[in-house]
Amino acid sequence: MLTLDSLYQAVFALKGVARQTDLIRAPRMFPDNEVYLKTENLQLTGSFKLRGAYNKIHRLSAEEKARGVVACSAGNHSQGVALAAQRAGIDAVICIPEGAPISKVEATRGYGAQVELVPGVYDDAYERALAIAAETGRTMIHPFDDDDVIAGQGTIALEILDALPDMDICLVPVGGGGLISGMAFAIKSLRPSCRVVGVQAAGAASMKKALSSHKRLTLERVATIADGIAVKTPGEKTFDYCSKYVDEVVTVSEDEIASAILSLMEQQKLVAEGAGAVSVAAAMSGKVDLAGKKTVCLVSGGNIDVTILSRVITRGLMMQGRQVELEIEVYDRPKQLALVSALVAQLGANVVSVEHDRKTDSTDLQHCMLRLGLETRNQDHIDQIVAAIRNDLGYRCVEL
């Protein structure tokens with residue numbers, strides 16, 4: 001069972017290993033509320049996972065350390081275990097699904113771990129890791145359902161309370177539940193009045209559904225850009241801890257996550273992965289009442305796959321009304337594009353793409369379809385442009 005002593009022991013174990021990350025206020029993102037960001041995306045390996053992994057490895061016996069460790073992950077946990085094992089001077093094998101991004105595989109190898117690529121998906125890699133543990137005697141380092149791992153993650157809350165002892169709300173990303181279990185235990189032990197709110201992607205809300213049902217359950221599927229918290233089944237220990245210490249779990253959409261990633265980059269110059277940005281997404285989208293409260297959003301990781309970053313940014317821009325595609329039905333005759341372009345320019349938008357198509361569903365053969373990609377200021381600006389095209393030019397116009 002968790003105790004405050006176990007968390008303070010973890011603090012001692014992590015000295016010189018994990019970085020004490022900054023707690024920074026975000027007035028540009030939240031001008032009307034007092035909101036702080038705990039920047040675990042700037043942790044070594046780019047996420048909080050190092051804390052729990054190292055604390056677990058630190059507490060192994062000499063005999064267990066000699067046999068080494070094994071873990072399974074397609075993301076941050078693998079890198080955390082690899083670096084923790086390297087710092088502790090022990091051997092580590094990490095099982096990774098063969099379809100995992102090359103950048104994450106190479107980062108894990110770069111920390112000195114032996115990587116075994118396993119055909120199939122995460123569950124196949126997990127089974128292989130269990131088999132290696134049984135065959136070799138290596139200790140399995142579970143990503144979340146382990147008290148030593150949970151205690152390591154809980155050190156984040158101790159750092160927050162040391163910097164902001166009168167915190168009122170703490171928003172924490174939730175996947176399997178290890179992170180929020182440790183943090184909620186620490187917060188409720190030291191500042192019981194503080195609300196601990198978990199945040200999950202709507203497409204992977206396993207803990208929220210489990211808490212609502214008062215029992216652990218397994219989702220049939222998960223689908224979210226927040227791959228770091230795409231967990232089908234909460235842990236046994238973490239479900240119990242969350243049931244006892246977490247006040248509420250809310251969900252955020254894919255668009256809200258993308259918007260939060262974009263805002264963190266633009267407003268705070270911070271790179272966050274989907275899982276790391278869900279707490280900020282919940283605060284931005286009004287899922288929790290922040291008025292008059294000192295709120296902390298945990299930005300849990302920054303290892304976003306650069307191959308999808310541009311798509312996430314585009315989605316975030318569209319969510320914020322700063323990029324739009326319009327479909328306009330115009331007469332198929334000269335100067336129609338010029339008329340539309342002149343009106344758009346007059347209203348202060350920038351045309352970034354143009355597509356002209358004579359194939360249209362209209363029964364009027366004199367019409368054709370014009371699709372414009374625009375850079376805009378916000379949704380009000382888009383609405384103004386659409387209204388002007390309809391009213392001033394008399395064209396049918398819809399936002400795609």
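Colleague: How far apart should the ends of helix H8 be, given its 13 residues?

Modeller: In this predicted model, helix H8 covers residues 178–190. At 1.5 Å a residue, its 13 residues should span 18 Å, and the end C-alpha atoms lie 19 Å apart, which agrees.

Colleague: Is H8 mostly covered or mostly exposed, and which of its residues are buried?

Modeller: H8 is mostly covered, with 11 of its 13 residues buried. Among them are Leu179, Ile180, Met183, Phe185 and Ile187, and also Lys188.

Colleague: Against which elements do the buried residues of H8 pack?

Modeller: They pack against three helices, H1 (4–14), H7 (147–163) and H10 (236–245), and against strands S7, S8 and S10.

Colleague: In what order do the strands of the sheet stand?

Modeller: Strands of a sheet pair through backbone hydrogen bonds, in either a parallel or an antiparallel manner. Here, six strands form an open sheet in the order S1-S2-S10-S7-S8-S9, with mixed pairing. Strand S1 (23–25) and strand S9 (248–252) each have a single partner strand, so one side of each is left without a neighbour in the sheet. From one strand to the next, the twist averages 25°.

Colleague: In which sense do S1 and S2 pair?

Modeller: S1 and strand S2 (residues 34–39) pair in the antiparallel sense, over three bridges. Arg25 stands opposite Tyr36 in S2.

Colleague: Which strands does helix H12 touch?

Modeller: Helix H12 (residues 274–284) packs on the sheet and touches S2, S7 (169–173), S8 (195–201), S9 and S10 (294–299). The direction of H12 makes about 155° with that of S10.

Methods:
Residues numbered from 1 in each chain as written. Predicted model: local features only at pLDDT ≥ 70, side-chain atom pairs only at ≥ 80, totals over all residues. Heavy atoms only, no water. Pairing = 2+ DSSP bridges. Helix = DSSP H or I, 4+ residues; strand = E, 2+ residues; numbered from the N terminus. Axes fitted to C-alpha atoms, helices over the stretch in contact; angles between N-to-C directions. Contact = heavy atoms within 4.5 Å. Expected span 1.5 Å × (residues − 1). Buried < 20%, exposed > 50% of the residue type's maximum accessible area, 1.4 Å probe, protein only.
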